[in-house]
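User: I have a model open and would like to know how its descriptions are justified. Could you take me through the reasoning?

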Amino acid sequence: MKSAPAQIVREYGPFPGVTDVHGVSHDGRRVWFATGDSLQSMDPASGKIVSIIKMTARAGTAYDGQHLYQLAGPSIQKVDPRSGEILATLPAPAEGCSGMAWAEGALWVAHYRERKIHKIDPATGKILRTIASDRYVTGVTWTNGGLWHGTWENDESELRRVSPETGEVQESLLMPPGVYVSGLEAGDGVFYCGGSTSGRIRAVRQPEPASESR
């Protein structure tokens with residue numbers, strides 16, 4: 001396993017009225033992040049807020065190329081990012097889910113304290129696969145064919161690339177002491193990391209793609 005310090009290249013926030021950042025996603029242009037009572041989008045070039053959707057948003061956020069998905073307690077809500085309308089609701093795979101990502105036509109949902117990631121059917125919520133971690137799992141993302149997730153345990157955080165079949169850790173980026181990762185999404189050559197109670201988002205440089213990534 002490769003391990004290296006995370007390189008934080010930019011920090012965003014704090015944002016007006018935002019005390020916590022939970023789920024984080026990226027639609028190709030904007031960074032979306034869950035603040036507890038709203039889902040907000042930010043222009044990563046300027047750091048300015050572009051739009052706000054009022055809704056329950058205390059956990060993971062994902063984007064499938066057209067729609068947003070937001071964990072809301074026992075449910076996952078499918079959202080039109082333009083109007084904010086909730087188009088559909090499906091069951092979350094378990095209580096206490098945290099991060100969420102879209103890849104391979106499915107949602108990948110982190111089960112925080114159970115140290116698991118579930119691949120689920122985005123139409124029914126059916127669990128298609130489960131992989132295990134040896135640390136609490138926060139945000140989840142895919143980039144360059146690789147599955148990454150954030151961890152936050154014992155006052156330490158890191159970003160891990162893991163096997164999507166076995167959960168084996170293949171690469172790790174260690175966050176600085178006192179810097180924690182809640183939400184996670186890849187985009188623009190960086191990882192956008194939700195900073196939980198700091199109210200901030202941090203951009204961490206992505207490493208070069210590994211040859212063993214799918």
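Analyst: Happy to! A strand here is a DSSP run of E with at least two residues, and a helix is a run of H or I with at least four. By that count, the protein chain of this predicted model has zero helices and 21 strands.

User: What makes the protein chain as compact as a globular protein of that length?

Analyst: The globule rule is 2.2 Å times the number of residues to the power 0.38. For 214 residues that rule gives 17 Å, and the radius of gyration is 15 Å, close to it, so the chain is as compact as a globular protein of that length. Along its principal axes, the C-alpha trace spans about 45 × 40 × 30 Å.

User: Why is strand β17 called largely enclosed?

Analyst: Buried means under 20% relative accessible area. Six of the seven residues in β17 (residues 156–162) are buried, so the rest of the structure largely encloses this strand. Across the whole chain, 57% of the 214 residues count as buried.

User: How do you know that β17 pairs with β16 and with β18?

Analyst: Pairing needs at least two bridges found by DSSP. β16 (residues 146–153) and β17 have seven bridges, and β17 and β18 (residues 169–174) have five, so both pairs satisfy the definition. Each pairing is antiparallel. For example, G150 stands opposite L159 in β17, while V162 has V169 in β18 as its bridge partner.

User: Which turn residues have a positive phi in these hairpins?

Analyst: In the hairpin of β16 and β17, with two residues between the strands, N154 has a phi of about 55°. In that of β17 and β18, with six residues between, G167 has a phi of about 85°.

Notes: Residues are numbered from 1 along each chain as its sequence is written. This is a predicted model: local features need pLDDT of at least 70, side-chain atom pairs count only at pLDDT 80 or more; totals for chains, interfaces and linings use all residues. Side-chain values use heavy atoms; hydrogens and water are left out. Buried means under 20% relative accessible area, exposed over 50%, partly exposed in between (1.4 Å probe, protein chains only).
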